[in-house]
Amino acid sequence: MTDKIELIGLSKEEIGQELAKIGEKPFRAKQLWHWIYWQGETDFSKMTSFSKDLREKLAASYTITRPKIVAEQISKDKTHKWLLEFEDGQRVETVYIPEEDRGAVCISTQVGCAVGCRFCHTGSQKITRNLTAGEIVGQFLVARDVYKEWPTPSDETRYLSNIVVMGMGEPLHNAENAAKAMKILTDGDGISLSKRRVTLSTSGIAPKIAPFFRETKVQMAVSLHAPNNEIRSQIMPINNKYPLEEVMKACQEYQQMEGSRFITFEYLMLKDINDSLDCARQLIDLMHKYKLDAKFNLIAFNPWPGCGFEASSGNRIHAFAKELNNAGFAAPIRTPRGQDILAACGQLKSKKDKE
Ligand code: SAH
Ligand code: SF4
């Protein structure tokens, strides 16, 4: 352990305050930010725009660290999964999901999750702790290191072009740190991801939804997974606390916010649970009732040992999609990636924890 202060995760203002403490002018904060988040530099001695004296002063009081890679897997389809470990030994999963010439990094916000969705492997792991803002950002920094995307390339030429906050944990149960992380990741002087390319998914912590997205302006996705309270409560116990009506009202509020276009709902296709045409019709009615301009991502379920659910058949999923399409809703089918590498989120962590 070190008593030095970790700079990753501090806001630009906080970095300014730190520099003031060691007698430096506030404008140095922007330069230091540039070294950390634009250049990806972790070694103060290489920050050549600073005097030798300042470099030494920084190194004496501060540190810039990355989470440690303790395991990694690359699947046949090039999906790249890392198990990352923090200072205190806690671990999370981070995944890079490449497309043709770009791709998304899927990051985690908690160790475990308190929401306990029945179909989710992470949900079966209980909650250990929240990640700090620095630990959330650190996952993307590791991916940038591995793919050598330093200094920050132009938007068009990046392989790590998007972020999806869809890893382990419920981000709105850790809203303050998640919001701080979103601001660091989308800061134009550093990592510089467009807010349009960052999507955060929530299981529907209703009162936090509108405030969070108003503050961060990143894209929202809501894990809906059912068209009524009965089915939703059965697979997502959180629905007893924040029932569908409250989630829908929060989505309405989000939709009315300036600049918001449409809402993305995630819908996991579970055989004989939520995949009937009747469910699709109820979903359409729900959208009409709350006047929501929505798109559905139909997710193929990734089974894991002991989960007790099965994936819907391809035919079922296509019929469901068609029903939504006919009512004017886009409903792309998200094909599973990295099937050969313990793809269900949380599985790699479980395996290594057991070892
Ligand atoms: N906690 C947030 C974000 C992380 S989960 C949320 O629930 O939205 C990201 C997505 O993965 C959610 O839509 C979740 O329902 C889905 N998911 C969970 N377990 C899955 C599994 N076994 N197969 C496929 N998708 C799963
Ligand atoms: Fe938590 Fe999301 Fe998994 Fe539900 S699906 S248990 S909210 S991580």
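Biologist: Why is Ile127 called partly exposed?
Modeller: The relative accessible area of Ile127 is 38%. Buried means under 20%, exposed over 50%, and partly exposed in between (1.4 Å probe, protein chains only). The value 38% falls in between, so Ile127 is partly exposed. The model is predicted: local features need pLDDT of at least 70, side-chain atom pairs count only at pLDDT 80 or more, totals for chains, interfaces and linings use all residues, and side-chain values use heavy atoms, without hydrogens and water. Residues are numbered from 1 along each chain as its sequence is written, chains are lettered from A, and ligands are numbered from 1 in the order in which they are written.

Biologist: Where is the place of Ile127?
Modeller: In strand β8, residues 127-130. Helices (H or I, at least four residues) and strands (E, at least two) are DSSP runs, numbered from the N terminus.

Biologist: Which residues is Ile127 in contact with, leaving aside its neighbours within four places in sequence?
Modeller: Gln110, Val111, Gly112, Cys113 and Ala114. Contact means heavy atoms within 4.5 Å. As for Gln252, its C-alpha lies 30 Å from that of Ile127, and 125 residues separate the two in sequence.

Biologist: Which residues are around ligand 2?
Modeller: Cys113 is one of them. The others are Val115, Gly116, Cys117, Phe119, Cys120, Gly123, Gly169, Glu170 and Ser203. To be near, a residue needs a heavy atom within 4 Å.

Biologist: How many residues of each class does the shell around ligand 2 have?
Modeller: Five are nonpolar, four polar and one charged. Ala, Val, Leu, Ile, Met, Phe, Trp, Tyr, Cys and Pro count as nonpolar, Asp, Glu, Lys and Arg as charged, and the others, Gly among them, as polar.

Biologist: Which residues are closest to ligand 1?
Modeller: Gly169, Ser201, Ser223, His225 and Asn302, among 18 that surround ligand 1. Gly169 is also in the shell of ligand 2.

Biologist: How do you know that Ser201 has an atom within reach of a polar contact to ligand 1?
Modeller: An oxygen atom of ligand 1 is 2.6 Å from a side-chain N or O atom of Ser201. A polar contact is a pair of N or O atoms within 3.5 Å; within protein, one must be able to donate a hydrogen and the other to accept it, and residues adjacent in sequence count only if both atoms are side-chain atoms. So the Ser201 pair at 2.6 Å qualifies. The side chain of His225 also has an N or O atom 2.6 Å from an oxygen of ligand 1. At Asn302, a backbone N or O atom is 3.0 Å from a nitrogen of the ligand.

Biologist: Why is Lys81 called buried?
Modeller: Lys81 has a relative accessible area of 2%, which is under 20%. Lys81 sits in strand β4, residues 80-85. Its side chain makes a polar contact with that of Glu93, at 3.0 Å.

Biologist: What makes Lys148 exposed?
Modeller: Its relative accessible area is 69%, over 50%. Lys148 lies in the loop between α4 and β9. Its phi is positive, about 50°, although Lys148 is not a glycine. Pro151 has its place in the loop between α4 and β9 too. The peptide bond from Trp150 to Pro151 is cis, with omega near -15°.

Biologist: How many residues has the largest nonpolar core?
Modeller: 105. Such a core is a set of buried Ala, Val, Leu, Ile, Met, Phe, Trp, Tyr and Cys residues joined through side-chain atoms within 4.5 Å. Leu32 and Phe212 are among those with the most contacts inside it. Helix α5 gives the most to this core, seven residues.

Biologist: Why does this core lie between domain 1 and domain 2?
Modeller: Because domain 1 (5-63) and domain 2 (68-341) both give residues to it. The bounds come from an automatic or database domain assignment. The C-alpha centres of the two domains are 33 Å apart. Their contact takes 14 residues from domain 1 and 16 from domain 2.

Biologist: What do the buried residues of α5 pack against?
Modeller: α2 (28-38), α4 (133-146), β9 (162-165), β10 (198-202) and α6 (206-216). The buried residues of α6 include Phe212 and Phe213. Their cover includes α5, β10, β11 (219-223) and α9 (244-255). Lys217 follows α6, with a positive phi near 60°.
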